[in-house]
Amino acid sequence: MSARVALGDLLDALARDHGDPGGGAASGVVTAVAAALAQMVSRYSAAEPAAADIDDRLAVLRDEAITAADEDGRASGALGAALRPVDSDERDERDRRIVEAATRAASTSASIGEIALGVWREVRLLSDVGNRHLMSDIAVAADAVAAGLGGAATNLRGGLELVRAHGDARPVEDAHRKLVDRLIEARREARSLADRLGEP
């Protein structure tokens with residue numbers, strides 16, 4: 001998957017039975033959508049001093065999310081290749097390849113998760129200081145970043161499970177275990193904000 005593709009091409013790529021891109025890349029894309037929508041609100045809130053610099057931070061996060069989605073797509077494709085069945089005398093080598101590919105996939109999921117946490121912080125700030133006429137857009141951005149947070153957590157847990165099933169998971173678990181909890185808590189908060197702002 002290229003980092004710069006038409007929306008229709010991206011959806012076609014996601015629909016293929018290929019894995020590159022997959023759910024992780026989709027999580028990065030919806031995170032970028034949340035960032036872009038929040039940017040729009042920040043630009044409508046330029047008269048508010050507390051909103052200064054939010055647009056710039058979101059622009060960086062949006063680009064990072066797209067890059068991370070691209071990297072996750074490649075990691076997903078490599079993991080799919082590593083999971084292909086092999087003859088019994090090649091199982092040890094297959095396990096090694098799976099651990100290597102799943103560790104990389106967990107790392108890209110963690111990157112998307114960290115970016116989504118950054119977007120969530122900006123969305124939450126805008127819910128306090130942004131243009132009050134655009135709170136429905138903040139609600140949509142909160143729902144979108146909640147999807148990104150949840151997708152990153154799900155894919156990160158999946159990568160950890162694969163490593164655990166095929167090798168020593170302690171190093172990768174030590175690196176990422178606490179992040180999963182942070183992502184799930186942030187998703188809960190983002191959903192709650194979206195529900196609150198979306199109420200009539």
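Arg 177 comes out as partly exposed, with a relative accessible area of 45% (buried means under 20% relative accessible area, exposed over 50%, and partly exposed in between, with a 1.4 Å probe and protein chains only). Its side chain meets that of Asp 174 in a salt bridge, at 3.7 Å from N to O (a salt bridge being a side-chain nitrogen of Lys or Arg within 4 Å of a carboxyl oxygen of Asp or Glu). Asp 174 counts as exposed, at 59% relative accessibility. The two residues sit 3 residues apart in helix H6 (residues 170-198), about one turn of the helix. Helices here are DSSP runs (H or I, at least four residues), strands are runs of E (at least two), and both are numbered from the N terminus. The pair is also part of something wider: Glu 161, Arg 164, Glu 173, Asp 174 and Arg 177 are linked in a network of salt bridges.

A word on the model itself: it is predicted, so local features need pLDDT of at least 70 and side-chain atom pairs count only at pLDDT 80 or more, while totals for chains, interfaces and linings use all residues. Residues are numbered from 1 along each chain as its sequence is written, and side-chain values use heavy atoms, with hydrogens and water left out.

In all, the count comes to 14 salt bridges. Some of them reach between helices. Arg 43 and Asp 55 pair through their side chains at 3.1 Å, N to O. That pair links distant parts of the chain, with Arg 43 in helix H2 (residues 23-43) and Asp 55 in helix H3 (residues 54-82), 12 residues apart. Arg 43 is exposed, at a relative accessible area of 55%.

Then there is Glu 122, which forms a salt bridge with Arg 57, the closest N and O atoms being 2.7 Å apart. Glu 122 lies in helix H4 (residues 91-129) and Arg 57 in helix H3, so this salt bridge ties together parts that are 65 residues apart in sequence. Glu 122 counts as buried, at 9% relative accessibility, whereas Arg 57 is partly exposed at 33%.

Stepping back to the whole protein, there are 6 helices and 0 strands. The C-alpha trace spans about 65 × 35 × 30 Å along its principal axes. Of the 200 residues, 45% count as buried. Among contacts with a separation of 6 or more, 78% come from residues 24 or more positions apart (contact means heavy atoms within 4.5 Å).
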